[in-house]
Amino acid sequence: MVLEPFVSTAHKKLLGWMALLGIVAAGGANARLSLYPWPGMGPAFHGAVSADEFSSYFIYLFLFVAALVILASMNYLERDHAQHIGLP
């Protein structure tokens, strides 16, 4: 969203792929922390935040839904012929 005003119309689809790359990177970081936790990793803020299998499942669920939303919205403006402001 930050780069969108500065990217030409021909390259707008690359922003969606960059967002998907970020989703994959976040999933990879979560997998790394699930397999090899940091020393002392566990409940934080007096038990308000926890890093366990249950929270990891929901992180993957939210990342999966975010990836589906990004994939579904990549061609939205072209498909609905919506006007948008961008560089030529």
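These questions and answers walk through a predicted model of a protein chain.

Q: How many helices and strands does the protein chain have, and in what order do the elements run?
A: Welcome to the fold! The protein chain has 3 helices and 0 strands. Read from the N terminus, its elements go α-α-α.

Q: What share of the protein chain counts as buried?
A: Of its 88 residues, 17% count as buried. A residue earns that word when its relative accessible area is under 20%.

Q: How do you know that contacts in the protein chain link residues 24 or more positions apart?
A: Take the contacts with a separation of 6 or more: residues 24 or more positions apart account for 68% of them.

Q: What makes the span of α1 close to the expected one?
A: Helix α1 has 24 residues. From its first C-alpha to its last it reaches 36 Å, and at 1.5 Å a residue 34 Å is expected, so the two values are close.

Q: Which residues of α1 are buried, and what helps to cover them?
A: The buried residues are Lys12, Leu15, Gly16, Leu20, Ile23, Gly27 and Asn30. Helix α2 is included in what covers them.

Q: Why is asparagine 30 called buried?
A: Asparagine 30 has a relative accessibility of 10%, and buried means under 20%, so asparagine 30 counts as buried. This residue lies in helix α1. Leaving aside neighbours within four places in sequence, asparagine 30 is in contact with Ser56, Ile59 and Tyr60.

Q: Why does serine 56 count as buried?
A: The reasoning runs through the cut-off again: serine 56 has 10% relative accessibility, which is under 20%, and therefore counts as buried. Serine 56 sits in helix α2, which covers residues 53–73. Apart from neighbours within four places in sequence, serine 56 is in contact with Asn30 and Ser34.

Q: What makes the largest nonpolar core a core, and which residues form it?
A: Its 6 residues are Leu20, Ile23, Leu63, Ala67, Ile70 and Met74. They are called a nonpolar core because they are buried nonpolar residues joined through side-chain atoms within 4.5 Å. Helices α1 and α2 each supply at least two residues of this core, and the largest share, 3 residues, comes from α2. As a general background, nonpolar side chains in soluble globular proteins tend to be buried together.

Q: Which residues is leucine 63 in contact with, leaving aside its neighbours within four places in sequence?
A: Leucine 63, one of the core residues, is in contact with Ile23, Ala26 and Gly27.

Q: Where is methionine 74, and how do you know that it touches residues beyond its neighbours in sequence?
A: Methionine 74 is placed in the loop between α2 and α3, the latter being residues 76–79. Not counting residues up to four places away in sequence, methionine 74 touches Lys13, Gly16, Trp17 and Leu20. The C-alpha atoms of methionine 74 and lysine 13 are separated by 6.4 Å, although these residues are 61 residues apart along the chain.

Q: Why is tryptophan 17 called partly exposed?
A: Partly exposed lies between under 20% and over 50%, and tryptophan 17 has a relative accessible area of 47%, so the term applies. Tryptophan 17 belongs to helix α1. Setting aside neighbours within four places in sequence, tryptophan 17 is in contact with Leu71 and Met74.

Q: What makes leucine 71 partly exposed?
A: Its relative accessible area is 44%, which is not under 20% and not over 50%, so leucine 71 is partly exposed. Leucine 71 is found in helix α2. Beyond neighbours within four places in sequence, leucine 71 is in contact with Trp17 and Leu20. The C-alpha atoms of tryptophan 17 and leucine 71 are separated by 8.6 Å, with their positions 54 residues apart along the chain. For leucine 71 and alanine 19, 52 residues apart along the chain, the C-alpha separation is 9.7 Å.

Q: What lines the second largest pocket, and how much space lies in it?
A: About 210 Å³ of space lies in the second largest pocket. Its lining has 13 residues, and Leu33, Ser34, Met41, Ala51 and Asp52 lie nearest its centre. Helices α1 and α2 each supply at least two lining residues, with the largest share, 4 residues, coming from α2. By class, the lining has 5 nonpolar, 6 polar and 2 charged residues.

Key. Residues are numbered from 1 along each chain as its sequence is written. This is a predicted model: local features need pLDDT of at least 70, side-chain atom pairs count only at pLDDT 80 or more; totals for chains, interfaces and linings use all residues. Side-chain values use heavy atoms; hydrogens and water are left out. Buried means under 20% relative accessible area, exposed over 50%, partly exposed in between (1.4 Å probe, protein chains only). Contact means heavy atoms within 4.5 Å. On a 1 Å grid over the protein atoms alone, a cavity is a set of points where a 1.4 Å probe fits but cannot get out, and a pocket is an open set with protein on both sides within 12 Å along at least five of seven lines; lining residues have an atom within 4 Å of a point. Grid points are joined across faces, edges and corners, and a volume is the space filled by probe spheres set on the points. Ala, Val, Leu, Ile, Met, Phe, Trp, Tyr, Cys and Pro count as nonpolar, Asp, Glu, Lys and Arg as charged, and the others, Gly among them, as polar.
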